[in-house]
Amino acid sequence: MNAIGIDFGTTNSIMSLAYPEGEELKTQAFFDKETKLPHPSIVWFKGDKVVVGQEAKTHLNTYSDAAGNRFIYSIKANLGDSIRYDIFGQDYRPYQIAGEVFKHLKSYALNEYKSFVKNEISECVLTIPVSFTGNERKALRKAANEAGLYIKTFIHEPFAAVVWYMFKN
């Protein structure tokens with residue numbers, strides 16, 4: 001079984017996979033293939049189409065003031081809040097917008113890294129800031145559910161860094 005980890009960031013997000021290869025456990029991070037960087041956590045509502053990641057970031061300055069376009073970024077900062085976004089007459093909660101980022105990560109991993117991702121991705125471990133409240137955690141669970149992901153557990157970001165260090169050494 002593959003172990004999927006997600007670092008959902010305010011600015012950028014990334015998904016990684018741990019998988020067995022022989023007697024070793026290998027890891028693969030799913031960076032944007034063009035930029036070789038994590039995926040920007042930007043959601044672009046382009047009429048009735050939703051675009052996430054590098055393409056949204058690339059067009060942010062060009063289309064942000066143009067009719068029929070709406071960009072949402074740094075949504076992580078509003079998780080757990082009762083804020084609602086009116087996007088072309090449709091009501092969106094922060095978790096729904098964050099869910100678009102999760103959908104993008106999952107889809108990208110499944111489409112671009114077929115050699116690593118052999119099974120459907122349905123469960124994940126998610127890093128979170130130490131300061132995240134219960135409401136923010138609930139919102140993250142809802143966002144993950146929007147993408148068909150079940151969060152097995154949360155790992156605080158400083159602890160995740162220690163795990164990585166120990167795993168690599």
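**Entry 1: a loop to start with**

I began at Phe88, which lies in the loop between S8 and strand S9 (90-92). A word of caution to myself: this is a predicted model. The phi of Phe88 is positive, about 55 degrees, although Phe88 is not a glycine. I noted that because most residues other than glycine have a negative phi. Is Phe88 buried or exposed, or something in between? Phe88 is partly exposed, since its relative accessible area is 43%.

**Entry 2: another positive phi**

I then went to Ser74, in the loop between strand S7 (69-73) and S8. Here, too, I found a positive phi in a residue other than glycine, near 60 degrees. Ser74 has 25% relative accessibility, so I wrote it down as partly exposed.

**Entry 3: strands and a hairpin**

Next I followed the pairing of strand S2, residues 12-21. Which strand does S2 meet through 6 bridges? That is strand S3 (residues 24-29), and the two run antiparallel. In this pairing I found Pro20 opposite Leu25 of S3. S2 and S3 make a hairpin, with 2 residues between them. Gly22 sits in the turn and has a positive phi of about 65 degrees.

S2 has a second antiparallel partner in strand S4 (residues 39-40), joined to S2 by 2 bridges. I looked up the bridge partner of Asn12 in S4 and found Pro40. A reminder for anyone new to strands: in a regular strand, side chains alternate between the two faces of the sheet.

**Entry 4: the nonpolar interior**

I wanted to see what is packed inside. Nonpolar side chains tend to be buried together in soluble globular proteins. In this model, the largest nonpolar core has 38 residues. Which residues have the most contacts inside that core? They are Ile6, Phe8, Ile97, Phe102 and Leu140.

I also listed the elements that give two or more residues to this core. Among them are strand S1 (3-8), S2, strand S5 (42-46) and strand S8 (85-87). The list also includes helix H2 (94-112), helix H3 (134-146), strand S10 (123-128) and strand S11 (150-156). H2 gives the largest share, 8 residues.

I picked Ile97 for a closer look and left aside its neighbours within four places in sequence. Ile97 is then in contact with Val43, Phe45, Ile72, Ile75, Tyr85, Ile87 and Tyr92. There is also a second, separate core of 6 residues, and Trp44, Val51, Leu60 and Phe71 are included in it.

**Entry 5: a nonpolar patch outside**

I turned to the surface and found a nonpolar patch there. Which residues form this patch? Phe159, Val162, Val163, Trp164, Tyr165 and Met166 do, and together they have about 680 Å² of accessible area. I checked Tyr165, which lies in helix H4 (residues 157-168). Tyr165 counts as exposed because its relative accessibility is 53%, and the cut-off for exposed is over 50%.

**Entry 6: charged pairs**

Side chains of opposite charge can pair when their charged atoms come close. How many salt bridges are there in this model? The count comes to 4, and I looked at some of them.

Asp91 forms one with Arg84, with the closest N and O atoms 2.9 Å apart. Asp91 is partly exposed, at 43% relative accessibility, and Arg84 is also partly exposed, at 48%.

Glu100 forms another with Lys103, and here the closest N and O atoms are 3.4 Å apart. Both residues lie in helix H2, 3 residues apart, about one turn of the helix. Why does Glu100 count as buried? Its relative accessibility is 15%, and buried means under 20%. Lys103 is partly exposed, with a relative accessible area of 30%.

Lys152 forms a salt bridge with Glu123, the closest N and O atoms being 4.0 Å apart. This pair links distant parts of the chain, with Lys152 in strand S11 and Glu123 in strand S10, 29 residues apart. Glu123 is partly exposed, at 29% relative accessibility.

**Entry 7: one distance before closing**

Last, I returned to helix H2 for Ser107. Ser107 counts as partly exposed because its relative accessibility is 34%. How far apart are the C-alpha atoms of Ser107 and Glu136? They are separated by 24 Å, and the two residues are 29 apart along the chain.

Methods: Residues numbered from 1 in each chain as written. Predicted model: local features only at pLDDT ≥ 70, side-chain atom pairs only at ≥ 80, totals over all residues. Heavy atoms only, no water. Pairing = 2+ DSSP bridges. Helix = DSSP H or I, 4+ residues; strand = E, 2+ residues; numbered from the N terminus. Patch = residues over 30% accessible without salt bridge, like charges linked within 9 Å, V, L, I, M, F, W, Y side chains within 5 Å. Areas by Shrake-Rupley, 256 points an atom, 1.4 Å probe, with all protein chains shown as cover. Salt bridge = Lys/Arg side-chain N within 4 Å of Asp/Glu carboxyl O. Buried < 20%, exposed > 50% of the residue type's maximum accessible area, 1.4 Å probe, protein only. Core = buried A, V, L, I, M, F, W, Y, C linked by side-chain atoms within 4.5 Å. Contact = heavy atoms within 4.5 Å.
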